[in-house]
Each structure stands twice: as structure tokens, then as C-alpha cells.
Amino acid sequence: MRTVRGIAGTVAGLAAAWGLAPGAAALGAPEADLSYHGAATLTGGRLDVRVTPRNHGPSAVPETSVLLRWSRPLADGQTLPAGCARSGARVVLCRVAALAADDAGEEIRLRVRLRGAPSEVRMDLDTAWSGGAVDRNRDNDRQRVLVLDTGDEYHF
């Protein structure tokens, strides 16, 4: 019984330290409010995405990563920018460099091809890893946007 409690406590502590549990601040983890804003354009199965990460503070974060997920699978043979990697048929993860408190990071630009030529795609963005910081305002780092194949920019 002691081993099970010890493992459960360790898992809970790790989850809290990674910002996955509300009690993380109690463990002394820094607090940062991450957000992502940008635009997406869909034209003939090609999706252009621009994402600007921002840390509203109060603490700096050493490094984070953003997850981009689409409702349609990506075409095979994608060439992604440095710092981005495919993590499934519909998911790409991109590294975000260190973010000072109350600072915007470098814009991430990527172009992906979707399988086929859908008339629309839903794109979800979320923090995949917060560099060990606690984010008590998860609403602004989770974005969902419907992008229609119009060539227009859809902002989020």
C-alpha cells in the first residue's frame, strides 16, 4: 500500500510540476500565462499558418512547445520548418524559444498540405509543454479556428 501511495504522490507531483494540475504552484513552480495568436489561410489543400506565442507573466519560461492539430490528415512527405515535427497524421509540434515575462516570442510560420483538397479544416492550438511553468489561465492558450478554402485569412 505504501508503494502505491508513493507512486501516486510522485505522479501527482510530476503532473503538478509540468503544469497539469492546479496545485503545481504549491510546489514552487513558476507561473506564466501563455497565449497564441495568429492567422491561417486555406487554398486548394495548402494551409499557411502564422502563430505568435506570448507570455503574459509573471515568470519567464525557459522553453515551451505548441501543438497544432487539424480535423483533416496531413499529406505525406511534409517539409516542416526547423523546430517543428510531425506527431501523428493530424498533429505537428513546434518548439517555442524562451519567453521572458510580458513578452512575445518569434512568429512560427508553417505551410502544410492536407490530404485531398478539403473545403474547410478545423485547427486547434494548445500548449504541449510549458517548460515547467504553471498556467492558471488555460483559456487563452487553447485556440480553435475553422478555416474555409477561400484564400482569406482567419485570425485567432
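1. Contacts first. Taking residue pairs at least 6 apart in sequence, 71% of the contacts in the chain join residues at least 24 apart. Keep in mind that this is a predicted model. The chain has 156 residues, and 38% of them count as buried.

2. Overall layout. You'll find one helix and ten strands here. Reading from the N terminus, the order is α-β-β-β-β-β-β-β-β-β-β, so to speak a helix followed by strands.

3. The β1/β2 hairpin. Strand β1 (residues 32-43) runs antiparallel to β2, and eleven bridges hold the pairing. One of the bridge pairs puts L34 against N55 in β2. Two residues sit between the strands of this hairpin, and G44 has a positive phi there, near 55 degrees. If you go through the backbone torsions, that's a spot to look at.

4. More partners for β2. Strand β2 (residues 46-58) also pairs with β7, again in the antiparallel sense, over six bridges. Along that pairing, R50 stands opposite R109, and V51 has I108 as its bridge partner. Then there is strand β6 (residues 103-104), joined to β2 by two bridges and likewise antiparallel. N55 turns up again in this pairing, with D103 in β6 as its bridge partner. Putting the two pairings of N55 together, this residue has L34 as a partner and D103 as another.

5. Two faces of β7. The covered face of β7 carries I108, L110 and V112, while R109, R111 and R113 make up the uncovered one. So to place the bridge pairs just mentioned: I108, the partner of V51, belongs to the covered face, and R109, opposite R50, belongs to the uncovered face.

6. The largest pocket. Its volume comes to about 240 Å³. There are 15 lining residues, and R95, A97, E106, E107 and I108 are the ones nearest the centre. Two elements give two or more residues to the lining, namely β5 (91-96) and β7 (108-113). By type, the lining splits into nine nonpolar, two polar and four charged residues. I108 is worth a second look, as a residue near the pocket centre that also sits on the covered face of β7.

7. R69. What does R69 touch, once residues up to four places away in sequence are set aside? The list is R90, V91, R122, M123 and D124. R69 itself is in strand β3 (residues 64-70). The C-alpha atoms of R69 and R90 are 5.5 Å apart, although 21 residues separate the two along the chain. Is R69 buried or exposed? Neither: its relative accessibility is 37%, so R69 counts as partly exposed, given that buried means under 20% and exposed over 50%.

8. D141. This one lies in the loop between β8 (120-129) and β9 (143-148). D141 counts as buried because its relative accessibility is 0%, against a cut-off of under 20%. Its side chain makes two polar contacts that you may want to check when setting up charges: one with the side chain of T127 at 2.8 Å, and one with the side chain of R138 at 2.9 Å. Beyond its neighbours within four places in sequence, D141 is in contact with L34, S35, Y36, L125, D126, T127 and D135. L34 in that list is the residue whose bridge partner in β2 is N55.

Notes
Residues are numbered from 1 along each chain as its sequence is written. This is a predicted model: local features need pLDDT of at least 70, side-chain atom pairs count only at pLDDT 80 or more; totals for chains, interfaces and linings use all residues. Side-chain values use heavy atoms; hydrogens and water are left out. On a 1 Å grid over the protein atoms alone, a cavity is a set of points where a 1.4 Å probe fits but cannot get out, and a pocket is an open set with protein on both sides within 12 Å along at least five of seven lines; lining residues have an atom within 4 Å of a point. Grid points are joined across faces, edges and corners, and a volume is the space filled by probe spheres set on the points. Helices (H or I, at least four residues) and strands (E, at least two) are DSSP runs, numbered from the N terminus. Ala, Val, Leu, Ile, Met, Phe, Trp, Tyr, Cys and Pro count as nonpolar, Asp, Glu, Lys and Arg as charged, and the others, Gly among them, as polar. Buried means under 20% relative accessible area, exposed over 50%, partly exposed in between (1.4 Å probe, protein chains only). Two strands pair if DSSP finds at least two bridges between them. Contact means heavy atoms within 4.5 Å. A polar contact is a pair of N or O atoms within 3.5 Å; within protein, one must be able to donate a hydrogen and the other to accept it, and residues adjacent in sequence count only if both atoms are side-chain atoms.
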